[in-house]
Each structure stands twice: as structure tokens, then as C-alpha cells.
Amino acid sequence: MAKAMAVEFRVPPPTTCSLVKEINPLASLQLSSAHLPPRIRSVSLNEILPNALRRKQNPHWTGGFSLGVDLGMSRTGLALSKGFSVRPLSVLKLRGQKLELQLLEIASREEVDEFIIGLPISDDGKETPQSNKVRSVAGRLAARAAERGWRVYLQDENGTSEDALSFMIDMGLSKSARQNRIDAYAAMMVLERYFSMAGQGVELVLPKLLELQEKLQRGYADLFPEDFDGY
């Protein structure tokens, strides 16, 4: 399975249009025109915008569906964002390839075009041993997702489980309901943070194979051709 690399996104001041201040050298990769439909120009990796930033730039934009993912040792919580609605979706008790394939199946069914995966970060801002495991899953998923033109991002999830528990208590959910659904609500909190920060600090996880990077670029251009018409 192809390994992956990550590109960190930083949101610029509102008066600018540039997305990435610092980006991996591979971000300058361009597609040859022979690999793209005639109506779409080549797309560089720093033009692949997270849905959260697209929404910040255009508050009326409701396209682009996002799947929030809270990866645990034995359970994975999912949440879904469609338009301006963010809701808990489900909890999966799968691991390895079965989990990755199920994520792709759910994404296809829900017409998702990006995954927002929570990355464990300690209170002092450092990654944890669990972070490496999450990065490994995200890398494998990114390679599979790129085949479909979908993106995978990592979002700091520090404190989201506590936020989810407080939210569920405020909703009046029973203890058993909280235990069964907390992973999905944690994934919802990951999505809420992602959109509230307009994608600031997220990492785009890229497959290392250039062929898959090209598929990712083509897929993005096909999903959002309005961004590239007229060039």
C-alpha cells in the first residue's frame, strides 16, 4: 500500500486568496494538459482547498460533503457535514482494511468528497503514540481515496471527547446512550472545530505515488470545475 505525506494548511488573512504559506516541494507538481479534460487547466496541490475554507470564502456555498472520523483502538466514530448541517452518523467496530473499505463505502453512499480525521494531540501540543497509528490509517485511506479524487485531512482533536461528553449530557442522553454514541459525537466535534477554524492548521494527507497525486488533482478539478473555468 502506498505511503502518504502531509501538507499543512494555514488560513491567510481575509484580504488574500493564497492558501498555503509553506508547502512541501511536491506541492508544485502540475498535471500535463494531456491528462486533464480540455475545459480544465492543470491544478497544483496548493489549489486543493478544504471545504471549510471554501465555505469561509463563500458563505452561501453549500456544496462539498465532509465525513468526520474519530479513530479509536476498537471503535471508530463517524459524523457527517452536508451544507450547514453537522450531525453524528454512526460507530464502526472494525479495524484494518475492513474499516478503510467501509469508510470508502459510506463516503460514496453519502456523496462525501473529503475525510476529516481527528489527530490525537496532547495538552502540551505534542503528538502522542496514538498519533502514529492514526497517521498510518490516514495514509492508507488517502491512497485509496485519491483513486476517487477524494481528500483526506488531519485535524487536531485535543479535547473533542470531553466536548462530546458535555454536549451529550446537556442533551439529556442516558449513560448507556452516551457510552454507545460518544465516538460519533466526538467525530462531530472534530468537524465542528474544523469548520469553526475554517480549515486552519489541517494537514492534507497525500499519497507518495505521483500517479495517485495526479488522480487526486484531477478528481478535485472534476468536482469543482467552476474554480478553473476561464483559464
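**Questions on pairing, burial and salt bridges**

Me: Val69 stands opposite Leu78 in strand 3. What makes strand 2 (residues 66-71) and strand 3 (residues 76-82) count as a pair?

Reply: The structure is a predicted model, and in it strand 2 and strand 3 are joined in the antiparallel sense over 6 bridges. Pairing asks for at least two bridges between the strands, so with 6 bridges these two strands qualify. Strand 2 and strand 3 also form a hairpin, with 4 residues between them.

Me: How do you know that strand 3 pairs with strand 4 (residues 85-92) as well, and how many bridges join them?

Reply: Strand 3 and strand 4 run antiparallel and are joined by 7 bridges, and since the requirement is at least two, strand 4 is therefore a partner of strand 3. Within this pairing, Leu80 stands opposite Arg87 in strand 4. The hairpin of strand 3 and strand 4 has 2 residues between the strands, and Gly83 takes a positive phi near 65° there.

Me: Why is strand 3 called largely enclosed?

Reply: Of the 7 residues of strand 3, 6 are buried, so the strand is largely enclosed by the rest of the structure. To be called buried, a residue must have under 20% relative accessible area.

Me: What makes strand 6 (residues 151-156) mostly covered, and which strands pair with it?

Reply: In strand 6, 5 of the 6 residues are buried. Strand 5 (residues 114-119) runs parallel to strand 6 and is joined to it by 6 bridges, whereas strand 7 (residues 203-207) pairs with strand 6 in the antiparallel sense over 2 bridges. The requirement is at least two bridges, so the pairing of strand 6 with strand 7 satisfies it. Tyr153 takes part in both pairings, as Ile116 stands opposite Tyr153 in strand 6 and Tyr153 stands opposite Leu204 in strand 7.

Me: Which elements make a β-α-β unit with strand 5, and what is its hand?

Reply: Strand 5, helix 3 (residues 129-146) and strand 6 make the unit, and it is right-handed. The term means that, with the strands pointing away from the viewer, the path from the first strand over the helix to the second runs clockwise.

Me: How do you know that the length of helix 3 is close to what is expected?

Reply: Helix 3 has 18 residues and reaches 26 Å from its first C-alpha to its last, against an expected 26 Å at 1.5 Å a residue. Its buried residues include Val134, Val137, Leu141 and Arg144.

Me: Why is the contact between Glu100 and Arg144 called a salt bridge?

Reply: The side chains of Glu100 and Arg144 meet at 3.3 Å, N to O, and the cut-off is 4 Å, so the pair meets the criterion. Glu100 lies in helix 2 (residues 96-109) and Arg144 in helix 3, so the pair ties together parts that are 44 residues apart in sequence. Both Glu100 and Arg144 are buried.

Me: What makes Glu114 and Arg151 a salt bridge, and are these residues buried or exposed?

Reply: The closest N and O atoms of Glu114 and Arg151 are 3.4 Å apart, which falls within the 4 Å limit and so counts as a salt bridge. This pair links distant parts of the chain, with Glu114 in strand 5 and Arg151 in strand 6, 37 residues apart. Glu114 has a relative accessible area of 0%, and Arg151 is also at 0%; buried means under 20%, so both residues belong in that class.

Me: Why is Arg135 called partly exposed, while its partner Glu203 is placed in another class?

Reply: Arg135 and Glu203 form a salt bridge whose closest N and O atoms are 3.0 Å apart. Arg135 belongs to helix 3 and Glu203 to strand 7, 68 residues apart, which makes this a link between distant parts of the chain. Arg135 has 25% relative accessibility, and because partly exposed lies between the 20% and 50% limits, that is its class. Glu203, at 15%, falls under 20% and is therefore buried.

Me: How many salt bridges does the structure hold, and how many helices and strands?

Reply: The structure holds 10 salt bridges, and the protein has 6 helices and 7 strands. Buried residues make up 50% of the 231 residues.

Notes:
Residues numbered from 1 in each chain as written. Predicted model: local features only at pLDDT ≥ 70, side-chain atom pairs only at ≥ 80, totals over all residues. Heavy atoms only, no water. Buried < 20%, exposed > 50% of the residue type's maximum accessible area, 1.4 Å probe, protein only. Expected span 1.5 Å × (residues − 1).
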